[in-house]
Amino acid sequence: MDDLKKVREKINEIDQQMAKLFEDRMIECKKVANYKIINSLPVCDANREKEILKNNVNYINDETIKKYYLSYMQSVMNISKDYQKQLMKGMKVAYSGTKGAYAYFASKKIFDSQKLVAYSSFKKAYQSVEEGKCDACILPIENSYAGDVGEVMDLMFSGDLYINKVIDVDILHNLIALNNASMTDIKTVMSHPQALNQCQDFIDKHHLKKIEYSNTALAAKKLIELNDKSIAIIASEDVALTYKLPILARNINTTHNNTTRFAVFSRVLGNYQSNERNNKHFIITFTVKNEAGSLAKTLDIIGAHGFNMRTLRSRPMKELIWNYYFFVELDGDVYSQDGIDMLAQLKSLCKCLKIVGVYTSNNEK
């Protein structure tokens with residue numbers, strides 16, 4: 001009995017120490033939340049969680065209790081995330097469209113407890129962050145079938161915001177109509193230009209006229225307003241559920257490997273949230289001098305410093321006819337010595353050079 005009493009006293013002593021350490025940990029978590037608010041980062045960071053579990057389990061010597069320690073640490077991190085969500089509830093996150101749009105669900109996925117603010121265009125959502133009305137915005141930058149979202153790329157080049165997170169969202173389009181409409185009634189289809197492009201084979205097969213609209217979810221509102229059963233829209237199942245509209249045809253994408261990459265933009269250029277060397281990426285935009293071989297020289301500099309180009313694209317500069325800027329997405333750490341040296345050399349060749357963002361990837365969908 002005395003032995004049990006002594007053991008319990010020891011456990012009480014350990015619990016007291018753990019309570020103090022828990023409080024200390026939550027104080028540091030509050031600092032993390034403040035950093036995420038300033039940098040408009042989401043609460044959840046899957047890479048960071050994996051890193052903690054992988055490293056911390058090595059502190060346990062007893063193999064039989066390692067699995068219990070992993071469960072304990074996961075619980076601690078879940079509590080930490082709940083605390084950070086509470087602290088970050090005041091954040092405002094802008095997106096283009098309305099409730100039910102793909103951007104809305106991408107925003108909910110990243111910022112599940114923050115206030116989402118809808119804007120009617122990519123530019124207005126972007127400007128809301130530039131002007132301080134919102135803390136972050138989520139915009140599509142690329143679709144695996146239709147390619148770049150040119151308007152957003154132009155905002156990256158000319159605007160003042162930075163990307164600090166990128167996620168992939170699977171896109172499944174459906175033909176949605178009014179409650180009294182059938183497939184034979186449909187003569188016209190309305191949606192965002194990207195969605196129309198992604199369903200071109202279906203549109204051609206059914207000889208449908210196309211009407212471009214600013215957003216898939218806003219197209220649903222317009223359909224209800226028009227009350228014309230000869231018109232249908234292309235949008236997600238979530239749009240159909242949100243506006244209580246029937247789906248006439250499901251998964252009408254030309255290709256079913258259809259993914260859109262969404263980026264989180266904020267006013268602050270952040271830093272990497274992971275120590276994994278192979279998980280770091282950054283994006284730059286630049287213009288080159290109008291001289292023979294200028295672009296090739298910039299690419300040589302990038303390659304010479306060991307950075308792999310994931311993407312290289314050009315876009316016309318609207319203010320200067322027949323002039324282009326370049327968009328490059330790279331693997332690696334731009335804050336490394338190689339990154340610093342590479343940027344220094346690029347500045348000597350490029351008329352305009354900008355780091356658009358830095359982020360880590362975790363294949364989150």
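Leaving aside its neighbours within four places in sequence, which residues is Tyr324 in contact with? In this predicted model, Tyr324 is in contact with Thr287, Arg315, Pro316 and Met317. The chain around Tyr324 has 365 residues, of which 48% count as buried, and it holds twelve helices and 15 strands. The points below begin with the chain as a whole and then turn to one helix and to several single residues.

**The chain as a whole**

- Taken along the principal axes, the box that the C-alpha atoms of the chain fill is roughly 85 × 60 × 40 Å.
- When contacts between residues at least 6 apart in sequence are considered, 75% of them join residues that are at least 24 apart.
- The chain exposes about 19,000 Å² of surface, and carbon and sulfur atoms supply 51% of that area.
- The chain carries 49 positive and 43 negative charges, and the mean positions of these two groups are 4 Å apart.

**Helix H11 and its surroundings**

- Helix H11 covers residues 294-304, and within this helix Ser294, Thr298, Ile301 and Ile302 are buried.
- Seen down the axis of H11, these buried residues fall within an arc of 100 degrees, and therefore they line one face of the helix.
- A general point about helices helps in reading this pattern: an α-helix has 3.6 residues a turn, so residues three or four places apart point the same way.
- Asp300 and Ala304, in contrast, are exposed, and they sit on the other side of H11.
- The cover over the buried residues of H11 includes strand E12 (280-288), strand E13 (308-316) and strand E14 (324-331), together with helix H12 (337-349) and strand E15 (350-360).
- Just after H11 comes Gly306, which takes a positive phi of about 85 degrees.

**Tyr324 in strand E14**

- Tyr324 lies in strand E14, which is one of the elements that cover the buried residues of H11.
- With a relative accessibility of 39%, Tyr324 counts as partly exposed, because that class lies between the cut-offs of 20% and 50%.
- Although Tyr324 and Ser314 are ten residues apart in sequence, their C-alpha atoms are 6.3 Å apart in space.

**Glu142 and Gly147**

- Glu142 lies in strand E3, which runs over residues 136-143, and its relative accessible area of 16% means that this residue is buried.
- The side chains of Glu142 and Arg313 are joined by a polar contact of 2.5 Å.
- Not counting residues up to four places away in sequence, Glu142 touches Gly147, Asp148, Val149, Thr259, Thr260, Arg261 and Arg313.
- Gly147, one of the residues that Glu142 touches, lies in strand E4 (residues 147-148).
- Gly147 has a relative accessible area of 21% and is partly exposed, whereas Glu142, at 16%, is buried.
- When residues up to four places away in sequence are not counted, Gly147 touches Glu142 and Gln194.
- Gly147 and Gln198 are 51 residues apart along the chain, and a distance of 9.9 Å separates their C-alpha atoms.

**Asp170 in strand E5**

- Asp170 has its place in strand E5, which spans residues 162-170, and at 45% relative accessibility it counts as partly exposed.
- A polar contact of 3.2 Å joins the side chain of Asp170 to that of Thr259, and Thr259 is also among the residues that Glu142 touches.
- The C-alpha atoms of Asp170 and Asn143 are separated by 9.6 Å, while the two residues are 27 apart along the chain.

**Two loop residues with positive phi**

- His207 is a residue other than glycine with a positive phi, near 55 degrees, and its place is in the loop between helix H8 (200-205) and strand E8 (209-212).
- At 71% relative accessibility, His207 counts as exposed.
- Asn251, likewise a residue other than glycine, has a positive phi near 50 degrees, and Asn251 is found in the loop between strand E10 (247-249) and strand E11 (259-266).
- Asn251 counts as partly exposed, with a relative accessibility of 38%.

Conventions: Residues are numbered from 1 along each chain as its sequence is written. This is a predicted model: local features need pLDDT of at least 70, side-chain atom pairs count only at pLDDT 80 or more; totals for chains, interfaces and linings use all residues. Side-chain values use heavy atoms; hydrogens and water are left out. Helices (H or I, at least four residues) and strands (E, at least two) are DSSP runs, numbered from the N terminus. Buried means under 20% relative accessible area, exposed over 50%, partly exposed in between (1.4 Å probe, protein chains only). Contact means heavy atoms within 4.5 Å. Accessible areas come from the Shrake-Rupley method with a 1.4 Å probe; for residues, only the protein chains shown count as cover. Lys and Arg count as positive and Asp and Glu as negative; His and the chain ends are not counted. The place of a charge is taken as NZ of Lys, CZ of Arg, CG of Asp or CD of Glu. The arc is that of the directions from the helix axis to the C-beta atoms. A polar contact is a pair of N or O atoms within 3.5 Å; within protein, one must be able to donate a hydrogen and the other to accept it, and residues adjacent in sequence count only if both atoms are side-chain atoms.
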